[in-house]
Amino acid sequence: MSVNWRTSAIILFVLAGVFVAKKSAAQVTSSAIPSADQPGFVEPAAESPASPPVVSHHEIRIGDQTIGYSATAGTLPVTDLEGNPLANLFYVYYQRTDKANDQQRPLTFSFNGGPGSASVWMHIGYTGPKRLKIDAEGFPVQPFGVEDNPFSILDVTDLVYIDPVNTGFSRPLPGVDPTQFFGVTNDIDYLARWIEQFVTHYERWTSPKILKGESYGTTRVAGLARRLQSAHRIFVDGVILVSPTGLGIERAGPVSAALILPHYAATAWYHGQLDESLQSRNLEEILPEVEAFALDELLPALARGGFLDEERRQQIAARAAQYAGVSPEFVLNHNLVVPISSWRKELLRHERLTVGRLDARYRGVDREAAGVVYDYDPALTSWNHSFTPAINHYLRNELGYRTELSYNIFGPVSPWDRTGDQTGEDLRRSMAENPWLKVMIQAGYYDGGTDYFSAKYTMWNLDPSGAFRDRLRFETYRSGHMMYLRDEDLPTSNEHVRDFIKWSIPAPNTPARW
């Protein structure tokens, strides 16, 4: 009887422990995304061994063509220099199947940013064969899911969407320190090794290659162009920078303060906050005027700081306020340097609304109209609403990829080592050494995270010699950070990519020389 009692007690104790463990696990899982970078968070390790890739076959109508393609969802390991596996990187590879000689078809590697963001955004929002269901301006609608993307670039290039470590389904192997992947240089280093492995695995060495990055992904692909070229002897033909970062090109102080003004003007125009003399004009007519003022008048005034003549200070404040949609007093109170966080609160304060960071067309509602920082970015919140269920349904149900891992739209990658960012110079050096390499920048007027005029400044200063001007393209859109979410800009932006790829690939037997 004593043995039975002790046995029962042990069973009850074990069951209670299991219940508590399950409850704790459920609590961690339910808050994984918002708490991923908090102290104490432990990201689950990769499944080892990696699951085999899942291949499915599909058709899509692009333009006047019906295109057959395969979709491969799987993982390939990240290895160290000795070939030892360190992590499993998840990817989705789309390959056109109705054309012969596919080894000569262009191959585009696509990355999003963060750092810490999965490749979901351009995957099911932009260039892939499926697009998430949203309204014409990019707002979420139900039922969630994806549909055919008739503007996909799959007709001209095969596509690889890659999730860096701790994003998507990509994870370090058990016992591997994940921090070795987190930093400008480390990120570029391991991804270059992975790309070489992918090219070898799928026999794509002779394919023309394009790198496409968005946001921090532009830092990534700018650095990858150089690393692939110098360390792996993989020379790419084109680099596409969507909503680019600064790429390590210096712009602090008065320069950055002046460059943001055209974004303010575009946003104020969108929300009807300019005076009638400006509001009645076309946006593309106004912006060159604002750009000229920012460079030729505002920047020199800011450079003089507190020694700017008072009369001139008043003149500059009045003009800047007119373009930014705020009062001269607001500009003067900030010593002519209007912080973007304060401006997002100020522009529509009289309506108790804020404007978004990544897309200033989106409006938010804060607890209080007072203050200088908004409670949340209404643009990013809206996108998370629609992208998260869509990508999970698509990968798990439509492509049939099975895993118990969570798909990290944003994964834990902190602390991120940002030292040594010279990716702009890396890209310039790659263009110098590879006369075929061309670059295109795509930017949205309403993007306040990586604003379009700063992107233009980056292009201007990428190569101070001016030798590469005929190999650089710059395209702008009446959208935000993800210009492709707007129905009007999706076909246009994809067509710009399609034309760029065709332009980037040299004609047969064209020598690579200056």
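Modeller: A residue is called buried when its relative accessible area is under 20%, exposed when that area is over 50%, and partly exposed in between. The model discussed here is predicted.

Biologist: What makes strand 9 largely enclosed by the rest of the structure?

Modeller: Strand 9 spans residues 209-214, and six of its six residues are buried, so the strand is largely enclosed by the rest of the structure.

Biologist: How do you know that both faces of strand 9 are covered?

Modeller: Each side can be taken in turn. K209, L211 and G213 lie on one side and are buried, and I210, K212 and E214 on the other side are buried as well.

Biologist: Which strands pair with strand 9, and in what sense?

Modeller: Strand 4 runs parallel to strand 9, with five bridges joining the two. Strand 10 (residues 238-242) also pairs with strand 9 in the parallel sense, over five bridges. Because pairing requires at least two bridges, both cases satisfy the criterion. L211 takes part in each: F109 has L211 as its bridge partner in strand 9, and L211 stands opposite V239 in strand 10. From strand 9 the chain passes through helix 4 to strand 10, a β-α-β crossover that is right-handed.

Biologist: Why is N166 called buried?

Modeller: The relative accessible area of N166 is 3%. The cut-off for buried is under 20%, so N166 is buried.

Biologist: What is the phi of N166, and where does the residue lie?

Modeller: N166 has a positive phi of about 75° and is not a glycine. Most residues other than glycine have a negative phi. N166 is placed in the loop between strand 7 (158-163) and strand 8 (171-172).

Biologist: Is N335 buried or exposed, and how do you know?

Modeller: N335 has a relative accessible area of 54%. Exposed requires over 50%, so N335 is exposed. Its phi is near 55°, again a positive value in a residue other than glycine. N335 belongs to the loop between helix 10 (328-333) and helix 11 (340-346).

Biologist: Why is A136 called partly exposed?

Modeller: The relative accessible area of A136 is 40%. Partly exposed covers values between the 20% and 50% cut-offs, so A136 is partly exposed. A136 is found in the loop between strand 5 (130-132) and strand 6 (146-148). Neighbours within four places in sequence aside, A136 is in contact with L485, R486 and D487.

Biologist: Which peptide bonds are cis, and what are their omega values?

Modeller: The bond from G114 to P115 is cis, with omega near -5°, and the bond from S414 to P415 is cis, with omega near 0°. Most peptide bonds are trans. P115 sits in the loop between strand 4 (107-111) and helix 2 (120-127), and P415 in the loop between helix 12 (378-398) and helix 13 (423-433).

Biologist: What makes helix 14 mostly covered?

Modeller: Nine of the 11 residues of helix 14 are buried. Among them are Y452, F453, Y457 and L462. The buried residues of helix 14 pack against several elements, including helix 5, helix 13 and strand 14 (472-477).

Biologist: What lines the largest pocket, and how much space does the pocket hold?

Modeller: About 1,000 Å³ of space lies in the largest pocket. The lining consists of 45 residues, of which S215, R357, L358, G449 and T450 lie nearest the centre. By class, the lining has 20 nonpolar, 18 polar and seven charged residues. Helix 4 (216-231), helix 5 (254-259), helix 12 and helix 14 (452-462) each contribute at least two lining residues.

Biologist: How is the lining of the largest cavity divided by class?

Modeller: The lining of the largest cavity has 10 nonpolar, no polar and no charged residues. A257, I260, Y264 and V338 are among the lining residues. Tyr counts as nonpolar, so Y264 does not add to the polar class. About 80 Å³ of space lies in this cavity, and the count of cavities of 30 Å³ or more comes to five. Helix 6 and helix 9 (310-324) each supply at least two residues of the lining of the largest cavity.

Notes. Residues are numbered from 1 along each chain as its sequence is written. This is a predicted model: local features need pLDDT of at least 70, side-chain atom pairs count only at pLDDT 80 or more; totals for chains, interfaces and linings use all residues. Side-chain values use heavy atoms; hydrogens and water are left out. Helices (H or I, at least four residues) and strands (E, at least two) are DSSP runs, numbered from the N terminus. Buried means under 20% relative accessible area, exposed over 50%, partly exposed in between (1.4 Å probe, protein chains only). On a 1 Å grid over the protein atoms alone, a cavity is a set of points where a 1.4 Å probe fits but cannot get out, and a pocket is an open set with protein on both sides within 12 Å along at least five of seven lines; lining residues have an atom within 4 Å of a point. Grid points are joined across faces, edges and corners, and a volume is the space filled by probe spheres set on the points. Contact means heavy atoms within 4.5 Å. A crossover is right-handed if, with the strands pointing away from the viewer, the path from the first strand over the helix to the second runs clockwise.
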